[in-house]
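Student: I would like a close look at a single part of this model, taken slowly and set against the rest of the chain. Please choose one helix and tell me what surrounds it.

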Amino acid sequence: RFRFGYWESKLARLMPSSTTNAGAELGDDLVRLGILGENRKERYRGYLVFPLFAESGELLQLYGRCRGNKGLHRPRHLYLPHPQQGIFNKENLKSERIILCESIIDALTFYVNGFVNVTAAFGCNHLPDESIKYFKTCGVKRIDIAFDSDASGQEGAARMAGRLLTAGFDCYRVHFPKGMDASEY
């Protein structure tokens, strides 16, 4: 349904050798896109990866969620190094009431439990303007903000509510037990 998957370390085996022109050019392109790091290593190796598409079907962004990063020193959340854009689960947002989560993983928790009118911001501090425009186009009136119940989630929910209220939406806060998010709850 959401076309996500687990990124294994197989890209290098599928690419032409970096000693060829085609392999060197492809490697440069993948570094520029953010798929490979400057060291030519796969940035999304070991991540669950969720693609975000434009209405036209064009890939806009990749969101990666690290399964467990103990001792690995890599970010838990990973995006391509371009503007964060795209709307998760846009097909199910044509409703007067939607749920806005901090992350796609939290939104999926709601989705698999029957709350399909759910989407995600890019963390607690970023919701693209295109999302707000899309919500208006869909006739959304009420947004339930289901951010984490930690300090950054609380602060982010307050800022997000201010922004959404200014845009004309009714906003409500979904409260989880202290320190929890949707998935932990």
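Tutor: What follows is a look at helix H3 and at the two sheets that it touches or lies across.

Since this is a predicted model, what I say describes computed coordinates. To place the helix, it helps to begin with the whole chain, which holds five helices and eight strands and follows the pattern β-α-α-β-β-β-β-α-β-α-β-α-β when read along the sequence. The C-alpha trace spans about 55 × 40 × 25 Å along its principal axes, and buried residues account for 43% of the 185 residues. Among contacts with a separation of 6 or more, 60% are between residues 24 or more positions apart.

Helix H3 covers residues 104–112, and it lies across strands S2 (47–53) and S3, with its direction at about 85 degrees to that of S2. The same helix also packs on a second sheet, where it touches S5, S6 and S7 and where its direction makes about 170 degrees with that of S6. The two sheets are best taken in turn.

The sheet that contains S2 and S3 is an open one of four strands, in the order S1-S2-S3-S4, and its pairing is antiparallel. Its edge strands are S1 (5–6) and S4 (77–79), each of which pairs on one side only. Two bridges join S1 to S2, and in this pairing Gly5 has Val49 of S2 as its bridge partner. Between S2 and S3 there are seven bridges, again in the antiparallel sense, and one residue of S2, Phe53, is bridged to Leu59 in S3. Strand S3, residues 59–66, then pairs with S4 over three bridges, with His77 of S4 as the bridge partner of Arg65. Strand S2, which H3 lies across, is largely enclosed by the rest of the structure, because five of its seven residues are buried.

The loop between S2 and S3 contains Glu58, a residue that is partly exposed, with a relative accessible area of 49%. Not counting residues up to four places away in sequence, Glu58 touches Leu52 and Phe53. The C-alpha atom of Glu58 is separated by 27 Å from that of Phe115, which is 57 residues away along the chain.

The other sheet is also open and also has four strands, here in the order S6-S5-S7-S8 with parallel pairing. Its edge strands are S6 and S8 (170–173), each pairing on one side only, and the twist averages 30 degrees from one strand to the next. Strands S5 (residues 97–101) and S7 (residues 142–146) pair in the parallel sense over five bridges, and Ile99 has Asp144 of S7 as its bridge partner.

Which residues does Thr119 contact, once its neighbours within four places in sequence are left aside? Thr119 lies in strand S6, residues 118–120, and its contacts are Ile87, Phe88, Leu93, Ile98, Ile99, Leu100, Cys101, Ala107 and Phe135. Ala107 falls within the residues 104–112 of H3, while Ile98, Ile99, Leu100 and Cys101 fall within the residues 97–101 of S5. Thr119 counts as buried because its relative accessibility is 1%, which is under the 20% limit for that class.

Two loop residues that precede H3 deserve a note on their backbone. Arg40, in the loop between helix H2 (21–33) and S2, has a positive phi of about 70 degrees although it is not a glycine, and with a relative accessible area of 40% it is partly exposed. Asn89, in the loop between S4 and S5, likewise has a positive phi, near 65 degrees, in a residue other than glycine, but Asn89 is buried, with a relative accessible area of 3%.

Finally, for the chain as a whole, the accessible surface comes to about 10,400 Å², and 52% of it belongs to carbon and sulfur atoms. The mean positions of its 25 positive and 21 negative charges are 3 Å apart. Returning to the helix, H3 thus lies across S2 and S3 of the antiparallel sheet and packs on the parallel sheet, touching S5, S6 and S7.

Methods: Residues numbered from 1 in each chain as written. Predicted model: local features only at pLDDT ≥ 70, side-chain atom pairs only at ≥ 80, totals over all residues. Heavy atoms only, no water. Buried < 20%, exposed > 50% of the residue type's maximum accessible area, 1.4 Å probe, protein only. Contact = heavy atoms within 4.5 Å. Areas by Shrake-Rupley, 256 points an atom, 1.4 Å probe, with all protein chains shown as cover. Lys, Arg positive; Asp, Glu negative; His and termini not counted. Charge placed at Lys NZ, Arg CZ, Asp CG, Glu CD. Pairing = 2+ DSSP bridges. Axes fitted to C-alpha atoms, helices over the stretch in contact; angles between N-to-C directions.
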